[in-house]
Amino acid sequence: MSQEFEYLFRRRHALHRANREVWERSRAAYYGGEAYIRRALVRHVSEVEPEFAERLRRAYYFNYPRKLARMITQFILSVEPQRDGADPVLVEDFSRTGLRANEVMRQFSTLLNIYGGAALTVEMPYFEGEIDCERKMSERIRPAVRAWSPLDVADWAWGSDGQLEWLLVEERSLADNGPFLPPVPVVRRKLFTRRETLIFERSNGAGSVVQVARACHDLGCVPALLSFEPDGFGIDGGHYFEDVVRISDAILNNESEAQMNIVKQMFGLLVISDSFARGARPVPGSGNGAEKEKFSHLLARSAAIWESPEEKGISRYISPSGTDTSAIRAENDALKRELFDVVGMALVQPSRAAQTAEAKAWDHHQIKQFLASRVDQLEQAEVRCWELMHGFDPTIPVPSIAYNREFAVTDLKSSIESLVELKRFSGGLEYRREVARTALFLLEKVRKIDPERREQIRREIESWQTLRQEVDNG
């Protein structure tokens, strides 16, 4: 059995093995900071170590990967999803660690943006003995949802019915032994199956593997979901974020070159004549075998170079042209536009000429469709989590969930004018309700509404019985 446990810690899915390096690079690019600059900055073939070290110290990183990953999530969750009938306690503490439902789904969305895939697990705390409502409340015994990156999902398998047969995740933590002893690093793997959840640990990073917990749930399904973007790994393709990181790396290196060009414009590069270097004065106190003063022979951008007498022998300073720096910055501007356009989040056109209404509408439509496809994925994932929580605890209702699909990328003034025109048309009760729902959505774009007040307004709209008086006054 111990050998089986050991193998459990070595398992890696084929997709995980094939993409692990790319995923780690994407994670590092998202984190940014000095560690990533050291990893992504490229040293030139002709660049000497002191010069590269200076460029490395001066470098700075515009974290476009993080901006893009967070921007997509912020657009999607700019309006809180409707969760009709949801348990308010679970909505406010979806993870059992204080993360609200919106925050867990925000994590899940950002992981999808970075890696093209992510997982959600639903776990029930371990307890013994009988449980009643009082104990459930006092000990907070309720299901919890957690988001995992694909780097944490070591392996999985699909059953003949197309559903997960089992899922294996890995987490690293520090086991707390109290305030008087140092914490111990622990590697833990959780195996979720259709009948039970098993937890295995390896202490000190290299100790023996032991089973520390086992709990049956009898859900008949794995209490987890594994989601990949359908147009990425879903069709055996890569994920666009890898290209985002590569373009971002190009911008980082170009910007570093532009920065060093500016430095060299201020300080310049010394050029001395060959004859002057050969006639350098002896070093004082060197005796009969006096050596002449040494000059740099290094062919590098930061070292002095020599000229022969045929090149006039005039000592001077040279520096890069300002045009060179402008060309680099122009290239970076083009790369930034392409970066956002590749992802489908481009809003600003390079031309200063006013866009036609058709062109603006097409840009907005492109972004809305990109975000709408992601919303479907998040909405289905959250519904599945609520279904699993209901499976653990039948007293938890499965709410009706609706994510926002109208994103604030269009002109608000035009939208309101169009809504006013729509209201002039005669229509039935459901038509008027839909106009009112849209008005409530646009109202939140002008002024943020308290969630309780918004829910009250929504209930008033849904409870309309007759609109005869409104039609008569129309």
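This note walks through three spots in the model: a helix pair, a hairpin and a loop proline.

1. A word on the basis: this is a predicted model, in which local features need pLDDT of at least 70 and side-chain atom pairs count only at pLDDT 80 or more, while totals for chains, interfaces and linings use all residues. Residues are numbered from 1 along each chain as its sequence is written, and side-chain values use heavy atoms, with hydrogens and water left out.

2. Start with helix α2 (residues 14–31) and helix α3 (residues 33–40), whose axes come within 8 Å and cross at roughly 130 degrees. That makes α2 oblique to α3 (angles under 35 degrees count as roughly parallel, over 145 as roughly antiparallel, 65 to 115 as roughly perpendicular and the rest as oblique). In the contact (heavy atoms within 4.5 Å), α2 contributes E24, R25, A28, A29 and Y31, and α3 contributes G33, Y36, R39 and A40.

3. Next, look at strand β4 (residues 153–158), where 5 of the 6 residues are buried (under 20% relative accessible area, with a 1.4 Å probe and protein chains only). β4 runs antiparallel to strand β5 (residues 164–175), and 5 bridges join them. One of the bridge partnerships links W158 to L164 in β5. The two strands form a hairpin with 5 residues between them, and G162 in the turn has a positive phi of about 85 degrees.

4. Finally, find P399 in the loop between α12 (357–392) and β13 (400–402). P399 counts as buried because its relative accessibility is 7%. Leaving aside residues up to four places away in sequence, P399 touches R83, D84, G85, A86 and W386. E387 lies 12 residues from P399 in sequence and 9.0 Å away in space, C-alpha to C-alpha.

Key: Axes fitted to C-alpha atoms, helices over the stretch in contact; angles between N-to-C directions. Helix = DSSP H or I, 4+ residues; strand = E, 2+ residues; numbered from the N terminus. Buried < 20%, exposed > 50% of the residue type's maximum accessible area, 1.4 Å probe, protein only. Pairing = 2+ DSSP bridges.
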